[in-house]
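Subject: Structure handover

Hello,

Here is the structure for your set. My notes are below it.

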Amino acid sequence: MMMKVFLDTNVVCDFLLGRDPFFEDAVKIMQLAEDGKIEGFISALGMGQVYYLVRKSFSHDLTLIKVKSLIKNLKICSVDAVSIDKALASNFADFEDAIQYFSAMTMPEIEMIVTRDIRDYRHSEIPVFTPKSFNLLYQKNQRAT
């Protein structure tokens with residue numbers, strides 16, 4: 001059964017921007033999504049954040065190419081008024097992460113969240129993993145099958 005994984009913006013940006021020391025784990029995750037071994041999700045808000053952050057390092061055209069490549073491999077979770085209201089009423093310390101979380105909650109099939117900021121998701125009902133711990137879990141599950 002294919003894992004269904006929500007990716008926080010920082011993981012996607014680590015991949016697109018080659019940010020060390022996080023790049024290697026992000027590449028592994030994005031490769032799993034590209035190969036169809038996991039089903040990856042990102043929020044609509046996350047896509048905007050990715051563009052904004054990547055655009056600081058690359059031209060508009062190159063940034064669009066990079067963002068378009070994500071859409072081929074990741075499903076986009078919507079952000080609506082309900083997600084925003086829930087984020088505002090939540091006990092998340094980081095409002096942006098709260099929006100990401102409640103966007104992920106709109107897709108009941110999502111099994112886990114992968115982020116470098118696991119403390120920001122401490123109130124999550126969805127299991128939360130760092131990229132490194134996710135990759136170790138994925139490898140362990142592959143050996144078990």
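What follows covers helix H3, its contacts and helix H1.

This is a predicted model, with local features needing pLDDT of at least 70, side-chain atom pairs counted only at pLDDT 80 or more, and totals for chains, interfaces and linings using all residues. Numbering starts from 1 along each chain as its sequence is written, and side-chain values use heavy atoms, with hydrogens and water left out.

**H3.** Helix H3 spans residues 44-55, 12 in total. Helices are DSSP runs of H or I, at least four residues, and strands are E runs of at least two, numbered from the N terminus. From first to last C-alpha, H3 reaches 17 Å, close to the expected 16 Å (1.5 Å times one less than the number of residues).

Its buried residues (under 20% relative accessible area, 1.4 Å probe, protein chains only) are Gly46, Met47, Gln49, Val50 and Val54. They sit on the same side of H3, because their arc around the axis is only 165° (taken from directions from the helix axis to the C-beta atoms). They pack against helices H1, H4 and H6 and strands E2 and E3; contact means heavy atoms within 4.5 Å.

**H3 and H4.** Residues of H3 that meet H4 include Met47, Val50 and Val54. On the H4 side, Leu64, Val67 and Leu70 are among them.

**H1.** Helix H1 is mostly covered, with 7 of its 9 residues buried. Among them are Val11, Val12, Cys13 and Leu16. Just after H1, Gly18 takes a positive phi of about 60°.

Best regards

Terms used
Buried < 20%, exposed > 50% of the residue type's maximum accessible area, 1.4 Å probe, protein only.
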